[in-house]
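Here are my notes from going through this one, as numbered points. Keep the viewer open while you read.

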Amino acid sequence: MDSQPAEISQVIQLAVAPVFLLAGIGAFINAFANRLARVVDRSRNLESGMSALGDHNARAAAFRELNTLRKRARLAYLGIALATLSGLFVCLLIVFAFLDHFFTLDLPEIVGGLFVAAMLSLIGALIAFLREVFLAVRNLALLYKGPGE
């Protein structure tokens with residue numbers, strides 16, 4: 001009977017690592033949401049000022065920037081979706097780890113599969129983040145490219 005509290009504490013200890021992973025994923029989603037909000041704000045500002053642009057070149061540049069902002073928004077949305085999916089897989093992993101312990105089920109394949117799925121989703125989110133950052137930096141360089149550069 002005394003071993004059961006020790007076993008429960010061991011399961012809780014095993015669940016701590018995924019909980020830290022969840023905290024990191026949550027921070028990552030927050031960073032992505034902030035980036036998406038900035039893209040949306042910039043898009044709205046750009047679209048509202050389009051009518052004031054009389055120069056054809058200025059309008060073309062604004063349309064190019066809007067196109068880039070749309071791509072960035074799609075990548076941010078994809079990153080948020082994949083990071084959220086990763087978090088859901090981690091939550092399910094924790095649930096199955098506890099179910100495995102309390103009902104003495106033999107579910108290592110499910111727990112392992114959920115961990116792999118969580119990591120694959122997180123990798124996808126990180127790739128989307130990196131791509132979105134590359135687009136932002138490239139667009140910034142194009143916007144502020146001086147004459148003769």
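1. Start with the charge on the surface. Lys71, Arg74, Arg131 and Arg138 come together there as a positive patch. Keep in mind that we're looking at a predicted model. Two helices feed the patch: H2 (56-102) and H3 (108-143) each contribute at least two of its residues. Lys71 belongs to helix H2 and is partly exposed, at 33% relative accessible area. Patch members need over 30% relative accessible area and no salt bridge, so Lys71, at 33%, clears the area cut-off.

2. Next, the loop between helix H1 (3-48) and H2, which is where you'll find Gly49. Its relative accessibility is 29%, so Gly49 goes down as partly exposed. If you want a distance to check in your viewer, try Gly49 to Ala17: the C-alpha atoms sit 49 Å apart, with the two positions 32 residues apart in sequence numbering.

3. On to the aromatics. How many aromatic pairs does the structure hold? The count is four. One of them is Phe28 with Phe32: the ring centres are 5.2 Å apart and the planes make an angle of 65°, so this is an edge-to-face pair. Both residues belong to helix H1, and their spacing of four residues is about one turn of the helix. Buried or exposed, then, for Phe32? Buried, since its relative accessibility is 0%. Phe28 is classed as buried as well, at 13%.

4. Phe28 also has a partner in another helix. Its ring and that of Phe129 have centres 5.4 Å apart, with the planes at 65°, so this pair is edge-to-face too. Since Phe28 is in helix H1 and Phe129 in helix H3, the contact ties together parts of the chain that are 101 residues apart in sequence. Phe129 is partly exposed, with 25% relative accessible area. Put the pieces together and you get one aromatic cluster made of Phe28, Phe32 and Phe129.

5. Now the salt bridges, of which there are four. Take Glu65 and Arg42: their closest N and O atoms are 2.8 Å apart. This pair links distant parts of the chain, with Glu65 in helix H2, Arg42 in helix H1 and 23 residues separating them. What is the burial state of Glu65? Glu65 is buried, with a relative accessible area of 6%, whereas Arg42 is partly exposed at 34%.

6. Arg70 and Glu47 make another salt bridge, with an N to O distance of 3.6 Å. Here again distant parts of the chain are linked: Arg70 sits in helix H2 and Glu47 in helix H1, 23 residues apart. The cut-off for a salt bridge is 4 Å, so the 3.6 Å of this pair falls within it. Arg70 is partly exposed at 42% relative accessibility, and Glu47 is partly exposed with a relative accessible area of 42%.

7. The bridge I'd have you look at next is Glu132 with Arg72, at 2.7 Å from N to O. Glu132 is in helix H3 and Arg72 in helix H2, so the pair links distant parts of the chain, 60 residues apart. Where the Arg70 and Glu47 side chains are both partly exposed, Glu132 and Arg72 are both buried. Which residues are linked with them in a network of salt bridges? Arg35 joins in, giving a network of Arg35, Arg72 and Glu132.

8. Last, back to the surface, this time for a nonpolar patch. Val95, Leu99, Phe102, Phe103 and Leu105 form it, and together they have about 450 Å² of accessible area. Val95 is placed in helix H2, the helix that also holds Lys71. With 43% relative accessible area, Val95 is partly exposed. Patch residues have to be over 30%, so Val95 meets that cut-off.

Methods:
Residues are numbered from 1 along each chain as its sequence is written. This is a predicted model: local features need pLDDT of at least 70, side-chain atom pairs count only at pLDDT 80 or more; totals for chains, interfaces and linings use all residues. Side-chain values use heavy atoms; hydrogens and water are left out. Patches are made of residues with over 30% relative accessible area and no salt bridge: like charges are joined within 9 Å, nonpolar side chains (Val, Leu, Ile, Met, Phe, Trp, Tyr) within 5 Å. Accessible areas come from the Shrake-Rupley method with a 1.4 Å probe; for residues, only the protein chains shown count as cover. A salt bridge is a side-chain nitrogen of Lys or Arg within 4 Å of a carboxyl oxygen of Asp or Glu. Lys and Arg count as positive and Asp and Glu as negative; His and the chain ends are not counted. The place of a charge is taken as NZ of Lys, CZ of Arg, CG of Asp or CD of Glu. Buried means under 20% relative accessible area, exposed over 50%, partly exposed in between (1.4 Å probe, protein chains only). Rings of Phe, Tyr and Trp (its six-membered ring) pair if their centres lie within 6.5 Å; planes under 30 degrees apart count as stacked, over 60 as edge-to-face and the rest as tilted.
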